[in-house]
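Please open your viewer and get ready to make a few selections. We will walk through some helix pairs and then some single residues.

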Amino acid sequence: MLDALFSYQFLQYAAWACLLSGILGGICGVIVIEKRLVMMSGGIAHTAYGGVGLGYLLGFEPLLGAIGFSLGAAFGIGALQKKGRQNADVPTAIFWSVGMALGVLFIGIMPGYLPDVNSYLFGNILTVSATDLYLLSGITLLFLLFLWVLYEDLLATLFDAEFSRVSGIRTRVIEYAILVLVALSVVALIRVAGIILMLAQLTLPAACSAQLTKKLSTRLLLSAVFGVVFSLAGLVLSYYINISSGAVIVLLSAGVYLLLLLRKKATKNG
Amino acid sequence: MSPILDIRDLTVCYSGQPALNHVSFSINQGEFVAIMGPNGGGKTTLIRTVLGFLQPTEGSIAVTTDKIGYVPQSSSVDRSFPITVREVLKTATLGAGLHPRLWRKKTDESRLDSCLEQAGLCEHYKDRQVSALSGGEFQRLLLARTLLSDPELLLLDEPTANVDPLSREQIHFALKKLAPEKTVVMVTHDISVLSGTVSRLICLGDRLLYDGAPTLTAAGLNAYWAGGEHHA
């Protein structure tokens with residue numbers, strides 16, 4: 001495979017995408033799990049499909065549409081949740097299904113040949129473009145910068161937002177920053193893992209790292225390492241067995257998570 | 001003596017239904033006040049309105065200090081969160097605003113130790129994971145965290161709920177030592193505080209039912225809750 005990696009640009013792009021999406025999915029996943037935003041992330045990803053459809057219909061870059069719809073979903077779900085005093089499930093389900101329905105509608109009413117949207121639904125790391133890589137790099141750097149600069153504020157807000165607010169910490173700024181970063185990360189990961197499989201790339205590396213450490217900073221680091229290893233190993237395996245890389249990455253991550261769970265159970269019983 | 005907390009004709013409604021109905025009282029500096037009442041009587045609503053989480057429908061709240069400490073119900077904080085005791089305490093030393101890494105001040109470890117001690121814990125707890133603490137230890141950690149901001153007015157929401165009797169006594173002892181230097185207002189269901197811990201009792205049952213010396217027995221409290229009498 002190494003020969004092919006040096007010979008083909010699409011494989012080099014795929015390797016970079018694995019590295020960056022592994023880091024981004026890993027760190028974003030820890031925040032998503034600790035802030036209990038897993039289902040909301042699924043809702044944001046599926047709402048993004050509406051933006052992809054709008055992009056195809058009106059002839060602009062579908063990823064820009066996905067970014068707009070994702071940000072709208074993140075703020076919309078948050079606002080509906082606060083206004084309605086209900087848990088996030090109902091607004092998440094509404095955005096989830098309406099976003100998908102809009103995507104299907106927009107693509108359905110397009111004149112001429114219908115575009116192939118499979119890469120947005122299931123992801124295809126081998127079709128990642130230079131633009132996708134720039135987007136992925138930018139969002140990964142932004143997320144890492146946020147974590148490095150405002151780690152203490154993030155820790156305080158995630159642990160106890162009400163107390164932090166009484167103490168004068170700008171919890172609203174931190175919470176909105178988290179929403180924006182999660183929405184952008186979801187869009188960046190869609191090109192690699194797809195709308196349907198993206199949740200696994202967010203949750204499994206973070207869940208694996210949670211089995212090994214109880215310190216948030218170590219969990220962030222380990223989760224990024226797991227994300228990179230799963231993505232690269234999935235890419236190599238899919239190259240040899242000729243199966244979709246997204247599916248291999250998800251199954252490999254789930255397998256390692258299961259092993260870690262069994263190991264923990266064995267250690268407890270032993 | 002001027003009141004540190006003055007509540008005038010306060011009404012707070014949820015979806016049009018009053019949780020607090022024209023409540024008025026004031027609390028002076030150095031008092032240790034227990035707020036009791038039946039479930040749904042507006043105790044937590046009162047604390048949350050003073051803290052600014054809820055807006056009054058009518059009436060006013062005047063607080064003469066901006067140094068307010070808050071100890072939430074322990075059940076509202078996620079104890080499984082991956083954080084150590086030291087990290088929890090450090091969150092209380094940050095102060096107002098945002099705290100970029102390069103502008104952050106170094107933490108004074110001796111202050112952390114002193115506040116842990118005031119809350120009845122020792123410095124050896126600092127490296128422990130919060131998830132490894134017992135219910136009583138966790139509640140005392142929340143108290144120590146609040147003390148780090150050196151509050152003049154301390155608001156506590158059921159600080160002894162779900163803790164064992166020994167921890168409850170330790171928490172009451174720690175709080176009693178804080179008054180009269182600090183003003184302590186504690187929402188509680190625990191009638192043991194009426195035997196010498198607090199200096200004043202306020203009963204709420206959507207409106208003010210009792211405000212006076214903490215001399216009521218359990219039977220007396222029940223009579224107030226059932227009869228809705230008002231004693232100023």
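Start in chain A of this predicted model by selecting helix 2 (residues 9–34) and helix 7 (residues 130–149). Their axes come within 10 Å and cross at roughly 35°, and the crossing is left-handed. Now show the side chains where they meet. Helix 2 of chain A brings Tyr13(A), Trp16(A), Ala17(A), Leu20(A), Ser21(A), Ile23(A), Leu24(A), Ile27(A), Cys28(A) and Ile31(A). From helix 7 of chain A come Ala130(A), Leu133(A), Leu136(A), Ser137(A), Ile139(A), Thr140(A), Phe143(A), Leu144(A) and Leu147(A). Colour this contact by residue class and you should find 16 nonpolar and 3 polar residues, with no charged ones.

Stay in chain A and select helix 10 (residues 171–210) together with helix 11 (residues 216–241). Here the axes are 8 Å apart, and the packing angle is about 125°. That value falls between the ranges for roughly perpendicular (65 to 115) and roughly antiparallel (over 145), so helix 10 of chain A and helix 11 of chain A count as oblique to each other. This crossing of helix 10 and helix 11 of chain A is right-handed. On the helix 10 side, pick out Gln201(A), Pro205(A), Ala206(A), Cys208(A), Ser209(A) and Ala210(A). They meet residues of helix 11 of chain A that include Arg219(A), Leu222(A), Phe226(A) and Phe230(A). By class, the contact between helix 10 and helix 11 of chain A has 7 nonpolar, 5 polar and 1 charged residues.

Next, move to chain B and centre on Gln139(B), in helix 4 (residues 135–147). Is this glutamine, Gln139(B), buried or exposed? With a relative accessible area of 1%, Gln139(B) is buried. Its side chain joins that of Ser74(B) in a polar contact of 3.3 Å. Beyond its sequence neighbours within four places, Gln139(B) is in contact with Val71(B), Pro72(B), Ser74(B), Glu158(B), Pro159(B), Val163(B) and Ile171(B). If you like to try the distance tool, go from Gln139(B) to Gly40(B): the C-alpha atoms are 23 Å apart, with the two positions 99 residues apart in sequence numbering.

Glu158(B) is also one of the contacts of the next stop, Thr188(B). Look for Thr188(B) in the loop between strand 7 (183–187) and strand 8 (200–205) of chain B. Thr188(B) is buried, at 1% relative accessible area. Which backbone atom does the side chain of Thr188(B) reach? The side chain of Thr188(B) comes to 2.9 Å from the backbone nitrogen of Asp190(B). Other contacts of Thr188(B), sequence neighbours within four places aside, include Ala34(B), Ile35(B) and Met36(B).

Now select Glu31(B), in the loop between strand 2 (17–28) and strand 3 (32–36) of chain B. Glu31(B) has 18% relative accessibility, and because the limit for buried is under 20%, Glu31(B) counts as buried. The side chains of Glu31(B) and Arg200(B) make a polar contact at 2.9 Å. Around Glu31(B) you can also display Ser26(B), Lys182(B), Thr183(B), Val184(B) and Ser199(B), which are among the residues it touches.

Finish with two backbone stops in chain B. Ser15(B), in the loop between strand 1 (3–14) and strand 2, has a positive phi near 50° although it is not glycine. Ser15(B) is exposed, with a relative accessible area of 77%. Asp150(B) sits in the loop between helix 4 and strand 6 (153–157) of chain B. Phi of Asp150(B) is near 50°, and Asp150(B) is partly exposed at 39% relative accessible area.

Methods:
Residues are numbered from 1 along each chain as its sequence is written. Chains are lettered from A and ligands numbered from 1 in the order in which they are written. This is a predicted model: local features need pLDDT of at least 70, side-chain atom pairs count only at pLDDT 80 or more; totals for chains, interfaces and linings use all residues. Side-chain values use heavy atoms; hydrogens and water are left out. Helices (H or I, at least four residues) and strands (E, at least two) are DSSP runs, numbered from the N terminus. Buried means under 20% relative accessible area, exposed over 50%, partly exposed in between (1.4 Å probe, protein chains only). A polar contact is a pair of N or O atoms within 3.5 Å; within protein, one must be able to donate a hydrogen and the other to accept it, and residues adjacent in sequence count only if both atoms are side-chain atoms. Contact means heavy atoms within 4.5 Å. Axes are lines fitted to C-alpha atoms, for helices over the stretch in contact, and angles run from 0 to 180 degrees between N-to-C directions. Angles under 35 degrees count as roughly parallel, over 145 as roughly antiparallel, 65 to 115 as roughly perpendicular and the rest as oblique. A crossing is left-handed if the near helix is turned anticlockwise from the far one by less than a right angle, and right-handed if clockwise. Ala, Val, Leu, Ile, Met, Phe, Trp, Tyr, Cys and Pro count as nonpolar, Asp, Glu, Lys and Arg as charged, and the others, Gly among them, as polar.
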